[in-house]
Amino acid sequence: MFRSGQPSFLKLQLTIVSLLLVSISFSVSAEPYGMAGCGLGSMVPAWKNDIGQVLAATTNGSLSSQTFGITSGTSNCTTDGIVRADRAQEVFVTYNEEPLELETVSGTGERIRAIASLLGCPTHSDELGNLMKEKHSFIFEPIKEEESKVRSKIILSRLKAKIAENPVLKQACVY
């Protein structure tokens, strides 16, 4: 019924079809990096193809860059799996802008403690609150109408500039 070469030909066809299906399923993924995952290898744009992914995985594994990237939130990796710290800070300021500004007048409050935590210095929320109270008029200075869409970025940028000028907070915060 079967000739001697037929079963091996059938196996070859099944193998090819299986490989095609696997490669199609991998190409549908929507990560900013390829199959090799985040890490130093994911930062090389030329390594987005299949052979490049092997090189990326080798780089990530041999240099331990993937482990470092995951723990530090660098190299296309995030520490919380959702958003990077700077984006989380911006989102927080966007949704808490008015209450944060009100708390800044007194220099204390729940939102000041939260932003201190997001800036990497949760144990220095009192110092941050005092700085924000002292520099309130600069941090929340009115902006031009065309800048209203990026107001939270401006507020955050001004806050970080003042933190950088403060000897205690620039050492404590890892923003």
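# Helices and salt bridges, one question at a time

Me: Of the 175 residues of the chain, 31% count as buried. What makes a residue count as buried?

Reply: Good place to start! A residue is buried when its relative accessible area is under 20%, exposed when it is over 50%, and partly exposed in between, using a 1.4 Å probe and protein chains only. This is a predicted model, where local features need pLDDT of at least 70 and side-chain atom pairs count only at pLDDT 80 or more, while totals for chains, interfaces and linings use all residues. Residues are numbered from 1 along each chain as its sequence is written, and side-chain values use heavy atoms, leaving out hydrogens and water.

Me: Which elements does the chain contain?

Reply: The chain has nine helices and zero strands. Helices (H or I, at least four residues) and strands (E, at least two) are DSSP runs, numbered from the N terminus. Two of these helices come up again below: α4, residues 85-106, and α8, residues 151-165.

Me: How do you know that Arg 87 and Glu 90 form a salt bridge?

Reply: The definition asks for a side-chain nitrogen of Lys or Arg within 4 Å of a carboxyl oxygen of Asp or Glu. For Arg 87 and Glu 90 the N to O distance is 3.2 Å, so the pair qualifies. Both residues lie in helix α4, three residues apart, which is about one turn of the helix. The structure holds six salt bridges.

Me: Why is Glu 90 called buried, while Arg 87 is called partly exposed?

Reply: Glu 90 has a relative accessible area of 18%, so it falls on the buried side of the cut-off. Arg 87 has 42%, which puts it in the middle class, partly exposed.

Me: What makes Arg 151 and Glu 101 a salt bridge?

Reply: Their closest N and O atoms are 3.8 Å apart, and therefore inside the limit. The pair links distant parts of the chain, with Arg 151 in helix α8 and Glu 101 in helix α4, 50 residues apart. Arg 151 is buried because its relative accessibility is 16%, whereas Glu 101, at 23%, counts as partly exposed.

Me: Which residues are linked with Arg 151 in a network of salt bridges?

Reply: Glu 97 and Glu 101 are linked with Arg 151 in that network. Arg 151 also touches Phe 140, Glu 141 and Ile 143, not counting residues up to four places away in sequence. Touching here is a contact, meaning heavy atoms within 4.5 Å.

Me: Why is α4 called roughly perpendicular to α8?

Reply: Two packed helices are described by the angle between their axes and the distance between the axes. Axes are lines fitted to C-alpha atoms, for helices over the stretch in contact, and angles run from 0 to 180 degrees between N-to-C directions. Here α4 and α8 pack at an angle of about 95 degrees, with their axes 9 Å apart. That makes α4 roughly perpendicular to α8, because angles of 65 to 115 degrees earn that name, while those under 35 count as roughly parallel, over 145 as roughly antiparallel, and the rest as oblique.

Me: What kinds of residue make up the contact of α4 with α8?

Reply: By class, there are three nonpolar, three polar and seven charged residues. Asp, Glu, Lys and Arg count as charged; Ala, Val, Leu, Ile, Met, Phe, Trp, Tyr, Cys and Pro as nonpolar; and the others, Gly among them, as polar. On the α4 side the residues include Asp 86, Val 93 and Thr 94, and those on the α8 side include Ile 155, Leu 156 and Lys 160.

Me: Is Lys 160 buried or exposed?

Reply: Lys 160 is buried, since its relative accessible area is 18%. Its contacts, not counting residues up to four places away in sequence, are Asp 86, Gln 89, Leu 119 and Tyr 175.

Me: What makes Thr 104 a buried residue?

Reply: Thr 104, which is found in helix α4, has a relative accessible area of 0%, so buried is the right word. Thr 104 touches Ile 112, Met 132, Lys 133, His 136 and Phe 140, again not counting residues up to four places away in sequence.

Me: Why is Glu 134 called exposed?

Reply: Glu 134 has 59% relative accessibility, so it passes the exposed cut-off. Its side chain meets that of Lys 135 in a salt bridge of 3.7 Å, N to O, and Lys 135 is partly exposed at 26%.
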